[in-house]
Amino acid sequence: MTALAHETLEAAMPKVATPPSDLDDALWQAWKAIELPEGYHAEIIEGLIEVSPTGRLSHSQIANRLRRALDKFLDRSEFAAFQDTHVIQARKAWIPDVLVAPEDVEEHGSEDGIGIKASAVQLIVEVVSPGSDSVTRDRTRKRREYARAGIPVYVLIDDHDDHDEHGIVTVLTAPDPDQAIYGDEVRVGYGATATIPTGPAKGFAIGEDVTGPARSGG
């Protein structure tokens with residue numbers, strides 16, 4: 001988390017104990033009031049406001065290729081792929097790299113019009129950026145948040161896997177909101193194909209046309 005996020009939290013949170021609902025509302029109001037420099041965005045993840053920069057060029061290339069491919073796959077269905085869209089769950093806010101939701105998104109917008117309700121989102125994809133904060137956010141904190149929200153499919157496109165530096169696509173399904181976990185996990189290396197097993201994108205393949213070839217180790 002950046003110093004900006006810590007300062008925002010200190011200003012937003014009262015110095016006395018308050019019920020969780022009040023803390024959530026304080027975070028929400030602080031998040032809506034944040035003014036960030038161009039190239040940064042803020043999310044509310046597990047009770048904290050996290051500020052992060054937009055991804056590098058390779059990150060954007062993967063996300064753009066994925067969105068275009070998903071749009072073609074979903075053509076003539078009631079669903080579409082979106083980028084740079086807030087996902088709202090109660091007083092939490094996330095900005096996934098790519099998501100799939102009903103094409104008529106206005107019907108599923110949050111009350112204040114900031115974003116789309118998590119209950120309407122069928123698939124979320126995060127392209128993991130380098131750096132320990134980014135890696136932990138996508139692999140751990142957001143994984144729990146998306147499971148709590150009942151997002152049916154969460155996909156990680158990860159150049160930075162600890163066990164295989166050549167790149168991994170992880171497809172997570174069967175969320176358990178009470179336990180904040182996904183029951184099913186499939187990991188596929190770059191150079192092979194990961195297939196979405198359920199939902200409106202069922203059968204969609206993520207291969208080299210999206211990720212690029214396997215990365216060289218080292």
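# A guided tour of the predicted model

Begin at A174, which lies in strand 10 (residues 168-176). The model on display is a predicted one. Colour A174 by backbone torsion: its phi is near 60 degrees, a positive value in a residue other than glycine. Most residues other than glycine have a negative phi. With a relative accessible area of 38%, A174 is partly exposed, because that category covers values between 20% and 50%.

**The whole chain**

Next, zoom out and show the protein chain as a cartoon. The protein chain contains 5 helices and 13 strands. Of its 218 residues, 43% count as buried. If a surface is displayed, the protein chain exposes about 11,100 Å², and carbon and sulfur atoms supply 48% of that area. Among contacts in the protein chain with a separation of 6 or more, 52% are accounted for by residues 24 or more positions apart.

**The sheet**

Return to strand 10 and select the strands that share its sheet. This is an open sheet of 6 strands, in the order 3-6-8-9-10-11 and with mixed pairing. At its edges are strand 3 (79-82) and strand 11 (181-189), each of which pairs on one side only. From one strand to the next, the twist averages 20 degrees.

Within the sheet, select residues 98-102 and residues 123-128, which are strand 6 and strand 8. These two strands run antiparallel and are joined by 3 bridges. Show the side chain of L99 for orientation: L99 stands opposite I124 in strand 8.

**Helix 3 on the sheet**

Now add residues 57-74, which form helix 3. Helix 3 packs on the sheet, where it touches strand 3, strand 6, strand 8 and strand 9 (153-158). The direction of helix 3 makes about 170 degrees with that of strand 3.

Within helix 3, select H59. Is H59 buried or exposed? H59 counts as buried, because its relative accessibility is 11% and the cut-off for burial is under 20%. Display the surroundings of H59: leaving aside neighbours within four places in sequence, H59 is in contact with D97, V127 and S129. For V127 there is also a polar approach to inspect, as a polar atom of the H59 side chain lies 3.0 Å from the backbone oxygen of V127.

**The loop after strand 3**

Move to Q83, in the loop between strand 3 and strand 4 (87-89). Which residues does Q83 touch, not counting those up to four places away in sequence? They are A63, N64, R67, D97 and V98. Draw distances from the Q83 side chain to two of these residues. A polar contact of 3.2 Å links the side chain of Q83 to that of N64, and one of 2.5 Å joins the side chains of Q83 and R67. D97 may be kept on display here, since D97 is touched by Q83 and is also in contact with H59.

**The loop before strand 3**

For the last stop, select R76, in the loop between helix 3 and strand 3. R76 is not a glycine, yet has a positive phi of about 75 degrees. R76 counts as exposed, because its relative accessibility is 84% and the cut-off for exposure is over 50%. To close, set R76 beside the starting point of the tour: A174, too, has a positive phi without being a glycine, but A174 is partly exposed, whereas R76 is exposed.

How values were computed
Residues are numbered from 1 along each chain as its sequence is written. This is a predicted model: local features need pLDDT of at least 70, side-chain atom pairs count only at pLDDT 80 or more; totals for chains, interfaces and linings use all residues. Side-chain values use heavy atoms; hydrogens and water are left out. Two strands pair if DSSP finds at least two bridges between them. Helices (H or I, at least four residues) and strands (E, at least two) are DSSP runs, numbered from the N terminus. Axes are lines fitted to C-alpha atoms, for helices over the stretch in contact, and angles run from 0 to 180 degrees between N-to-C directions. Contact means heavy atoms within 4.5 Å. Buried means under 20% relative accessible area, exposed over 50%, partly exposed in between (1.4 Å probe, protein chains only). Accessible areas come from the Shrake-Rupley method with a 1.4 Å probe; for residues, only the protein chains shown count as cover. A polar contact is a pair of N or O atoms within 3.5 Å; within protein, one must be able to donate a hydrogen and the other to accept it, and residues adjacent in sequence count only if both atoms are side-chain atoms.
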